[in-house]
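Trainee: Could you take me through a close look at the ligand site in this model? I would like to see which parts of the protein surround the ligand and how the rest of the chain is laid out.

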Amino acid sequence: MQGPIVILTGAGISKESGLDTFRCVDGIWAKVRLEDVATPEGFDRDPDQVHAFYNDRRAQLGDPGVEPNPAHHALAELERRWPAEVLIVTQNIDDLHERAGSRNLIHMHGELLKARCASCGQTVEWHGALGVTDRCASCGRVGAMRPDIVWFGEMPLEMERIYRALETCALFIAIGTSGHVYPAAGFVQSVQSIGKAHTVELNLEPSEGASRFDETIYGPATAAVPAYVSRLLARGG
Ligand code: APR
C-alpha cells in the first residue's frame with residue numbers, strides 16, 4: 001500500500017507534551033463548562049471569561065517543556081518520507097504539529113495562535129493576550145476580535161478539502177481522539193463507506209468509534225505512533 005494517507009489527530013497526541021485533553025479524568029471539561037467558553041453564546045454572555053480561558057492556553061504553548069513529542073515528530077517524518085501525500089487533519093488548536101515540521105496540515109477547529117474579527121472576518125496571527133479592548137487592524141472595530149477557534153455549533157474549517165482527501169486515501173489513521181465530537185468522529189465511517197482504505201486507531205484506550213476501525217493499537221502516543229510509522233516506512237508503504 002503506497003497511496004495517500006489521512007491522519008486525524010486529537011488532544012491525546014499532545015497530552016505527553018504537557019497539554020490537557022478534554023475528556024480524560026483531569027481534562028479541560030472537568031474544570032470549566034464548555035457552554036461558557038466554547039460556544040458563541042458563551043462569548044456573547046461573557047467575552048472576558050472566554051478570552052481569559054484561551055489566553056491561558058495560548059500562553060501555555062510558550063511554557064518550557066511544551067514541545068512537540070516523538071509522536072508529532074514521527075508524523076512529520078512520515079510526511080517527508082512517504083511516496084504519496086500525507087495529510088494531517090487535526091482537531092487540536094496547538095502548534096505542535098507545525099513545530100515538529102509537519103506542513104500538509106488542516107486545523108479543522110482553528111488555531112490558538114490566530115484571532116479573527118467577528119465584524120469583518122479578517123484573521124491574523126495572535127501570540128499575546130486577546131481582549132475586548134483590542135482593535136481590528138483591518139476594519140478598526142474595537143471589541144470584535146475573537147479567538148480563531150471553531151466553537152460548538154459552528155462549522156469546522158476546510159470540510160470540503162477534508163472529505164475529498166477521505167474519499168481518495170488508502171490509509172486513514174486516527175490518533176489521540178475519543179470519537180465524541182462530530183464531524184471528526186464520523187470520518188472513519190466515511191472512509192469505510194467508500195471501502196478502499198485501511199483504517200487504524202492509535203489511542204491510549206478504545207475510543208467511542210473503536211469498533212469501526214480495521215486495526216486498533218493502544219498505548220501512549222509517544223510509543224505507539226513512532227513504532228507504527230517505523231513499520232509503515234519499513235514496509236515501504
Ligand atoms: N496517548 C494517546 N492517546 C491519549 C493519551 C496519550 N498519552 N492520553 C489520552 N489519550 C486519548 C484519550 O484516551 C482520549 O480518547 O486521547 C483522547 C482525547 O479525547 P478528548 O479529550 O475527547 O479530545 P478530542 O478527541 O481531541 O476532542 C475532540 O472536542 O471539546 C472538543 O474541540 C474540542 O477538538 C476537541 C474535540
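Mentor: Happy to! The ligand sits in the largest pocket, and please keep in mind that this is a predicted model. There are 23 residues around the ligand, and those that come nearest are Ala11, Phe22, Arg23, Thr177 and Ser178. By character, the shell around the ligand divides into nine nonpolar, 10 polar and four charged residues.

Now for the polar contacts. Thr177, already named among the nearest residues, has an N or O atom in its side chain 2.7 Å from an oxygen atom of the ligand. The side chain of Asn203 also takes part: one of its N or O atoms is 2.9 Å from an oxygen atom of the ligand. With Leu204 the backbone is involved, as an N or O atom there lies 3.2 Å from a nitrogen atom of the ligand. As for burial, the ligand on its own has 730 Å² of accessible area, and the protein covers 95% of that.

Let's step back to the chain that builds this site. The protein has eight helices and nine strands. Its C-alpha atoms fill a box of roughly 55 × 35 × 30 Å along the principal axes. The radius of gyration is 18 Å, which agrees with a compact globule, because one with 237 residues would have a value near 18 Å.

Two loops deserve a look at their backbone geometry. In the loop between strand E7 (171-175) and helix H7 (187-194) you will find Pro183. The peptide bond that leads from Tyr182 to Pro183 is cis, and its omega is near 5°. The other loop runs between strand E6 (145-149) and helix H6 (159-168), and Glu158 has its place there. Glu158 is a residue other than glycine with a positive phi, near 55°.

How values were computed. Residues are numbered from 1 along each chain as its sequence is written. This is a predicted model: local features need pLDDT of at least 70, side-chain atom pairs count only at pLDDT 80 or more; totals for chains, interfaces and linings use all residues. Side-chain values use heavy atoms; hydrogens and water are left out. A residue is near a molecule or strand if one of its heavy atoms lies within 4 Å of it. A polar contact is a pair of N or O atoms within 3.5 Å; within protein, one must be able to donate a hydrogen and the other to accept it, and residues adjacent in sequence count only if both atoms are side-chain atoms. Accessible areas come from the Shrake-Rupley method with a 1.4 Å probe; for residues, only the protein chains shown count as cover. On a 1 Å grid over the protein atoms alone, a cavity is a set of points where a 1.4 Å probe fits but cannot get out, and a pocket is an open set with protein on both sides within 12 Å along at least five of seven lines; lining residues have an atom within 4 Å of a point. A molecule sits in a cavity or pocket if more than half of its atoms lie within 2 Å of its grid points. Ala, Val, Leu, Ile, Met, Phe, Trp, Tyr, Cys and Pro count as nonpolar, Asp, Glu, Lys and Arg as charged, and the others, Gly among them, as polar. Helices (H or I, at least four residues) and strands (E, at least two) are DSSP runs, numbered from the N terminus. The radius of gyration is taken over C-alpha atoms; the globule rule is 2.2 Å times the number of residues to the power 0.38.
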